[in-house]
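Trainee: I'd like a close look at the charged side chains here and the company they keep. Take me through them slowly, please, and spell out the cut-offs as you go.
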Amino acid sequence: MKGIQEASEPSRSTDFDVIIVGAGIAGINTAYYLETQSQGTSYTILEGRGSIGGTWDLFRYPGIRSDSDMITFCFSWNPWTREERLGSGDQIRTYMRKSAELFGIDKHIQFYHKVMTADWNTASKSWNLTVTNSEGETQIYHTKFLVLGTGYYDYERPLETTIPGLSNFDGPVIQPQFWPENLDYSGKDVVVIGSGATAVTLVPSMAEKAKSVTMLQRSPTWIVSAPRKQRESGFVKLISKFLPVSSARWFKRFSSILWGTLFYSYCMIFPEKARRLLQGATIKQLPANISWNPHFNPRYSPWKQRLCLCPGGDFYAALRSGKANVITDTIKNVTSSEIQLASGQTVQPDIIVAATGLKLRFAGGIKLSIGGRTIDAAQKYTWRGSMIQDIPNLMFVVGYVNASWTLGAEVTGKLLVRLLHHMKRRGADVAVPRLNNPGAMRQGDVFNLSSTYVQTANSIFPRAGSGYWDHKRNYLLDILDAQFGSVSKGLSIE
């Protein structure tokens, strides 16, 4: 871009070349690429909360951990050196904070700065952001390029799920997204409603102190045991011995990404074989009193919804201990003291945890507009899963549903700096995706998952089309395209 200005202290300026919204994985990673590959570009990170971490700072429920292996979840530019395969919430927060400090990114973060609106000014060729701070004061920020690292769900409101009579219950009803710091569940009977990753994490963790923990699910999910510690195949170990440390780490990470991609492809191409494989592994870990069918026999094939990982098989260990149980049924009604099920069975919990999913939200709820006219991003197609049709100088970061979120952030980060360099070489100020004849584009699903709450993404996120007008699907192909492919195809650059 023209007229790159010298980097300035964030607290003293409201004008930047790039503004990043969000100090989570996406925001920190984007800042790294600006710091190291676009020197001289002034930027700041506006973070509505008071800490680095995004999701990992918000979620504090027992046992919170990554749902993908840390060797791919971590940043490629700051390898994960711990032995844990799945990192805990505390470990991830510490890792992200140190990663930001390592490259001075933390000095560019403005905490308690919540972006409310973003309006593109055609005359000045810049975004005007309305930002509020913790004191309720409002400021206007200006930026040539806007990057939304705001995640994909609503931080303020959980998913509203109708559970008949839930308001009648006299005990605590907990939303994992807003876990009470002082909740004491020692010696209590707990019912966790849901069967997703949050429920699978909560059950074994709470079973350590609770009297009993019951996972009450309407339908089961695929729960896969993962090693607690990082493991490498003999081949990877052998090759790594002959490589420099940095190259060996790259090779290990690449191998993990490759095997994950191959397993996902196997599940898609051979769904029945994948089902039998996971079924056999599950049955071996179940206690005699809990059957695979119906409790662990999902209606869908593996990877039609995201697999739930449990380190060291801790979920199944909790079942074998007798302190945890699974019930597959439909809730008929909740009274002041019990949950009545459609089968006639009743459960008497002291505490109910409603782990029923997340409410999706695009752009962190920021109201986007061009010249004061509101933009509905869900009515526009995405360009390479990073920009939006007809919206200038804006990128958003969304990860993969079948791999680590960080991988999608890296694709967008590389694409951003290449585009900025391209615009600078051409003396251009504006880059906007333009789709000829959008009415002829076949619309697909934003996320290739059948989860109920994920299906709402089609009405919230930019549309998925085909070719360059689709969301990111395959990291290995996407990262090659971001690094070496055309940076201007489908864009109007002026």
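Mentor: Start with accessibility: a residue is buried under 20% relative accessible area, exposed over 50%, and partly exposed in between, using a 1.4 Å probe and protein chains only. By that yardstick Glu156 is partly exposed, because its relative accessibility is 40%, and Lys114 is partly exposed too, at 31%.

Some ground rules before we go on. This is a predicted model, so local features need pLDDT of at least 70 and side-chain atom pairs count only at pLDDT 80 or more, while totals for chains, interfaces and linings use all residues. Numbering runs from 1 along each chain as its sequence is written, and side-chain values use heavy atoms, with hydrogens and water left out.

Back to our pair. Glu156 and Lys114 join their side chains in a salt bridge, 3.8 Å from N to O; the term means a side-chain nitrogen of Lys or Arg within 4 Å of a carboxyl oxygen of Asp or Glu. Lys114 sits in strand E4 (residues 114-121) and Glu156 in the loop between strand E6 (138-148) and strand E7 (173-174), so the bridge ties together parts 42 residues apart in sequence. Those labels are DSSP runs numbered from the N terminus: helices (H or I) have at least four residues and strands (E) at least two. The two also belong to a network of salt bridges that links Lys114, Asp154, Glu156, Arg157 and Arg361.

The whole structure has 18 salt bridges, and the setting varies. Take Asp314 and Arg65, whose closest N and O atoms are 3.3 Å apart. Asp314 belongs to helix H9 (residues 314-321) and Arg65 to the loop between helix H2 (55-58) and helix H3 (70-73), so this pair connects parts 249 residues apart in sequence. Both partners are buried.

Then there's Asp470 with Arg473, bridged at 2.9 Å, N to O. Asp470 is buried, given its relative accessible area of 16%, whereas Arg473 is partly exposed at 27%.

Move along the chain a little and you reach Asn474, which caps the N-terminal end of helix H11 (residues 475-484): a side-chain oxygen of Asn474 is 3.1 Å from the backbone nitrogen of Leu476. That's a polar contact, meaning N or O atoms within 3.5 Å; within protein, one must be able to donate a hydrogen and the other to accept it, and residues adjacent in sequence count only if both atoms are side-chain atoms.

In H11 the buried residues are Tyr475, Leu476, Asp478, Ile479 and Ala482. They share one side of the helix, because they span an arc of only 165 degrees around the axis, going by the directions from the helix axis to the C-beta atoms. Leu477 and Phe484, both exposed, are on the face turned away from that side. As for neighbours, the buried residues pack against helix H7 (245-269) and helix H10 (405-426), where contact means heavy atoms within 4.5 Å.

H10 shows up again in the largest nonpolar core. That core has 136 residues, and Leu129, Phe145, Phe296, Phe315 and Leu419 touch the most other members; ten of its residues, the largest share, come from H10. A nonpolar core is a set of buried Ala, Val, Leu, Ile, Met, Phe, Trp, Tyr and Cys residues joined through side-chain atoms within 4.5 Å.
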